[in-house]
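Work through the exercises below with the structure open. Try each task before reading its solution.

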Amino acid sequence: MTFEEVKEFLKSEAGKASEVTAYLQGLNPLTVARVQEYIDKTPEGKSWADSVKDKHLQKGLETWKVNNLEALLIDEIKKRFPEKDEKELEVEKLRAEIEKMKHEKQRESLTNKAIKIATEKSLPIELVDFFIGADEQTTVSNVKVFEDTFSQYVQKTVEQRLKGDGYVPPKDNDGKQSNLESLSMEDYIKARSK
């Protein structure tokens with residue numbers, strides 16, 4: 001029998017019998033190496049193997065998420081944002097209150113110092129709150145700057161008044177300046193009542 005005759009026999013109904021199929025498979029048995037070769041060399045085999053891998057990987061990933069992900073997230077959140085217990089919160093609150101009290105005490109002390117200096121130098125006490133600085137040295141410096149500026153302002157105002165902004169006596173009806181000293185008492189009273 002030739003090879004062509006065997007091919008024809010296999011194509012016929014008799015060649016499709018289960019005994020013939022079993023005999024042919026025994027000649028070339030299905031092995032792991034043959035399956036691997038089929039997967040590596042044919043696009044259909046490669047596609048089929050990839051889909052099986054993807055299904056398996058997806059199932060494994062879902063199982064891992066269900067079993068581990070929540071615990072890992074909770075651990076990471078606790079690590080990044082540690083919870084404080086009641087004692088720690090109370091200690092922080094007390095520290096904040098102490099710092100506030102220290103700040104208020106220091107401000108009161110600086111206010112008293114500024115009032116004392118302002119009183120000694122005859123400066124307006126109403127402006128003391130504007131002098132207060134971060135520490136005593138800054139407060140004293142602020143009072144000194146105010147004193148210098150205030151003194152210069154007062155000096156300039158006095159000089160302007162003395163230069164010519166003084167009192168000018170009123171003029172009579174005829175346009176002459178009246179001299180109150182030369183008037184009699186009755187004329188003086190009449191002039192004042194007008």
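The exercises go from the whole chain to single residues, and the model is a predicted one.

**Exercise 1. Overall make-up**

Task: State how many helices and strands the protein has, and give the order of its elements.

Solution: Start with the count. The protein has seven helices and zero strands. Then read from the N terminus: the order is α-α-α-α-α-α-α. Next, take burial. Of the 194 residues, 10% are buried. Turn to the surface. About 17,500 Å² is exposed, and carbon and sulfur atoms supply 56% of that area. Finish with contacts. Among those between residues at least 6 apart in sequence, 22% join residues at least 24 apart.

**Exercise 2. The nonpolar core**

Task: List the residues of the largest nonpolar core, then say which elements give two or more residues to this core.

Solution: First, the members. The largest nonpolar core has ten residues. They are Leu 110, Ala 114, Ile 117, Ala 118, Leu 123, Val 128, Phe 131, Ile 132, Val 143 and Phe 146. Second, the elements. Helix H5 (86–120) and H6 each give two or more residues to this core. Third, the shares. H5 supplies the largest one, with four residues. Now follow one member, Leu 123. Beyond its neighbours within four places in sequence, Leu 123 contacts Ala 118, Val 143, Phe 146, Glu 147 and Phe 150.

**Exercise 3. Two helix pairs**

Task: Decide whether H5 and H6 are roughly parallel or antiparallel, then classify H3 and H4 in the same manner.

Solution: Recall the description needed. A packed helix pair is described by the angle between the axes and the distance between the axes.

- Take H5 and H6. Their packing angle is about 30°, and their axes are 10 Å apart.
- Apply the cut-off. Angles under 35 degrees count as roughly parallel, so H5 and H6 are roughly parallel to each other.
- Add the hand. H5 passes H6 in a right-handed crossing.
- Name the contact. H5 brings Leu 110, Lys 113, Ala 114 and Ile 117, while H6 brings Glu 136, Thr 139, Val 140 and Val 143.
- Take H3 (residues 32–41) and H4 (residues 43–80). Their axes come within 5 Å and cross at roughly 105°.
- Apply the range. Angles of 65 to 115 degrees count as roughly perpendicular, so H3 and H4 are roughly perpendicular to each other.
- Name the residues that meet. Tyr 38, Ile 39 and Lys 41 lie on the H3 side. Pro 43, Glu 44, Gly 45, Lys 46, Trp 48 and Ala 49 lie on the H4 side.

**Exercise 4. Two threonines**

Task: For Thr 139 and Thr 111, find the helix, the burial class and the contacts.

Solution: Begin with Thr 139. This residue is in helix H6 (residues 136–163). Its relative accessible area is 1%. Buried means under 20%, so Thr 139 is buried. Setting aside neighbours within four places in sequence, Thr 139 contacts Leu 110, Ala 114, Phe 131, Ile 132 and Gly 133.

Go on to Thr 111. This residue is in helix H5. Its relative accessible area is 17%, so Thr 111 is buried too. Not counting residues up to four places away in sequence, Thr 111 touches Val 128, Asp 129 and Ile 132.

**Exercise 5. A loop residue**

Task: Locate Ser 122, give its phi and decide whether it is buried or exposed.

Solution: Locate it first. Ser 122 is in the loop between H5 and H6. Check the backbone. Ser 122 has a positive phi of about 60°, although it is not a glycine. Then check accessibility. The relative value for Ser 122 is 62%. Exposed means over 50%, so Ser 122 counts as exposed.

Notes: Residues are numbered from 1 along each chain as its sequence is written. This is a predicted model: local features need pLDDT of at least 70, side-chain atom pairs count only at pLDDT 80 or more; totals for chains, interfaces and linings use all residues. Side-chain values use heavy atoms; hydrogens and water are left out. Buried means under 20% relative accessible area, exposed over 50%, partly exposed in between (1.4 Å probe, protein chains only). Contact means heavy atoms within 4.5 Å. Accessible areas come from the Shrake-Rupley method with a 1.4 Å probe; for residues, only the protein chains shown count as cover. A nonpolar core is a set of buried Ala, Val, Leu, Ile, Met, Phe, Trp, Tyr and Cys residues joined through side-chain atoms within 4.5 Å. Axes are lines fitted to C-alpha atoms, for helices over the stretch in contact, and angles run from 0 to 180 degrees between N-to-C directions. Angles under 35 degrees count as roughly parallel, over 145 as roughly antiparallel, 65 to 115 as roughly perpendicular and the rest as oblique. A crossing is left-handed if the near helix is turned anticlockwise from the far one by less than a right angle, and right-handed if clockwise.
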